[in-house]
Amino acid sequence: MRIMITGATSGIGKALTVAYAGAGHQVIACGRSADKLDELKQESSHIDSLCFDLTDFDNYPNLASEQTGLDLLIFNAGDCEYIDDALNFDAKRFERVININLISVAYGLQAWLKHLKPGGRLVLVSSSARLLPLPRAEAYGASKAALSYLGRTLAIDLEKHQLAVTTVHPGFVDTPLTERNTFTMPMIVSSEQAAAKIIQGLDKGLDEISFPSVFIFFMKCLRCLPFSWWRKIAKRIV
Ligand SMILES: NC(=O)c1ccc[n+]([C@@H]2O[C@H](COP(=O)([O-])OP(=O)(O)OC[C@H]3O[C@@H](n4cnc5c(N)ncnc54)[C@H](OP(=O)(O)O)[C@@H]3O)[C@@H](O)[C@H]2O)c1
């Protein structure tokens, strides 16, 4: 397969890149850091790279002919910044998170979707955070809830073009993104475990991939509570 992965220089994206290249697939790894991409290319001759900022649409590179005809297009890049003081709302911080987690996906769709082959699959890496309003997650949660909605609508609209869509909802994964968290992260898994779950789900052609299953089960149970109850619980976990 020919696979494009954004956010390939770190965490889940890097683990997916290494796993797919290791299995003999051609991977186009996208990232912002030329050094990290060069390091990644040392891992396998099956890894090609594109270095650019996903939030800067004017500087999206044109694909070489050997980079088109994609089987899998994985929008994984993302970031998390918390809204620490909701009263003094930081709109710039909100904008930064929405830009990388949501708007850059729209840019990517405009730029690359035409390069996905009929029978190919688009993958959006969202988050289990879309399930529940979490403290300080105004920006991150809103971006991921919107991304999951986008994934489901695209699944309806792209089916007639023989394109499938999978939305991924990980729980906590041990990556540079979560290293910044100062709270306990229940049932956290490694990037390699996350990548294995995603690959397994994609191999099965699943519309949605959510893991770890016990964590997702608890999140879904909590989501069934009246919001007034959840608000009281959420306040206690800040
Ligand atoms: N870790 C978790 O617990 C968790 C849980 C649920 C969902 N997710 C989602 O999984 C995805 C991957 O997260 P991760 O934990 O693997 O994070 P990570 O280790 O911080 O990796 C994020 C990747 O996105 C890239 N990126 C960020 N901003 C970019 C930009 N403007 N242009 C191009 N690339 C950019 C980063 O590149 P640089 O190295 O250049 O910064 C990096 O390669 C994210 O969408 C995240 O929201 C993660």
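**Notebook: sheet order and the H1/H6 contact**

I started with the sheet: it is open, has 7 strands in the order S3-S2-S1-S4-S5-S6-S9, and its pairing is parallel. The model is a predicted one. I looked up the edges next and found strand S3 (47–51) and strand S9 (208–211), each of which pairs on one side only. I also took the twist: neighbouring strands of this sheet are turned by 15° against each other on average, direction ignored.

I then checked what packs on the sheet. Helix H2 (residues 34–43) does, touching strand S2 (26–31) and S3. The direction of H2 makes about 175° with that of S3.

**Strand S4**

I went through the pairings of S4 on both sides. Strand S1 (residues 2–5) pairs with S4 in the parallel sense over 3 bridges. On the other side in the strand order comes S5; strand S4 (residues 70–75) is joined to strand S5 (residues 116–125) by 5 bridges, and the two run parallel.

I noted individual partners. Leu 72 has Arg 121 in S5 as its bridge partner. Ile 74 in S4 stands opposite Ile 5, and Ile 74 also stands opposite Val 123 in S5.

Is S4 enclosed or open to the outside? I find 5 of its 6 residues buried, so S4 is largely enclosed by the rest of the structure.

**Helices H1 and H6**

I looked up the pair H1 (residues 11–22) and H6 (residues 191–203). Their axes come within 8 Å and cross at roughly 60°. Oblique begins at 35 degrees and perpendicular at 65, and H1 and H6 are therefore oblique to each other. I recorded the crossing of H1 and H6 as right-handed.

I listed the residues that make the contact. From H1 they are Gly 11, Ile 12, Ala 15, Leu 16, Ala 19 and Tyr 20. From H6 they are Ser 191, Glu 192, Ala 194, Ala 195, Ile 198, Ile 199 and Leu 202. By class, the residues of this contact are 10 nonpolar, 2 polar and 1 charged.

**Ala 194**

I picked one residue of H6 for a closer look, Ala 194. Why does Ala 194 count as buried? Its relative accessible area is 0%, and the cut-off for buried is under 20%.

I then asked which residues Ala 194 is in contact with, leaving aside its neighbours within four places in sequence. They are Ile 12, Val 173, Val 189 and Phe 211. Of these, Ile 12 is listed on the H1 side of the helix contact, and Phe 211 falls in edge strand S9 (208–211).

As a last distance I took Ala 194 to His 25: 169 residues apart in sequence and 19 Å apart in space, C-alpha to C-alpha.

Key:
Residues are numbered from 1 along each chain as its sequence is written. This is a predicted model: local features need pLDDT of at least 70, side-chain atom pairs count only at pLDDT 80 or more; totals for chains, interfaces and linings use all residues. Side-chain values use heavy atoms; hydrogens and water are left out. Axes are lines fitted to C-alpha atoms, for helices over the stretch in contact, and angles run from 0 to 180 degrees between N-to-C directions. Helices (H or I, at least four residues) and strands (E, at least two) are DSSP runs, numbered from the N terminus. Angles under 35 degrees count as roughly parallel, over 145 as roughly antiparallel, 65 to 115 as roughly perpendicular and the rest as oblique. A crossing is left-handed if the near helix is turned anticlockwise from the far one by less than a right angle, and right-handed if clockwise. Contact means heavy atoms within 4.5 Å. Ala, Val, Leu, Ile, Met, Phe, Trp, Tyr, Cys and Pro count as nonpolar, Asp, Glu, Lys and Arg as charged, and the others, Gly among them, as polar. Two strands pair if DSSP finds at least two bridges between them. Buried means under 20% relative accessible area, exposed over 50%, partly exposed in between (1.4 Å probe, protein chains only).
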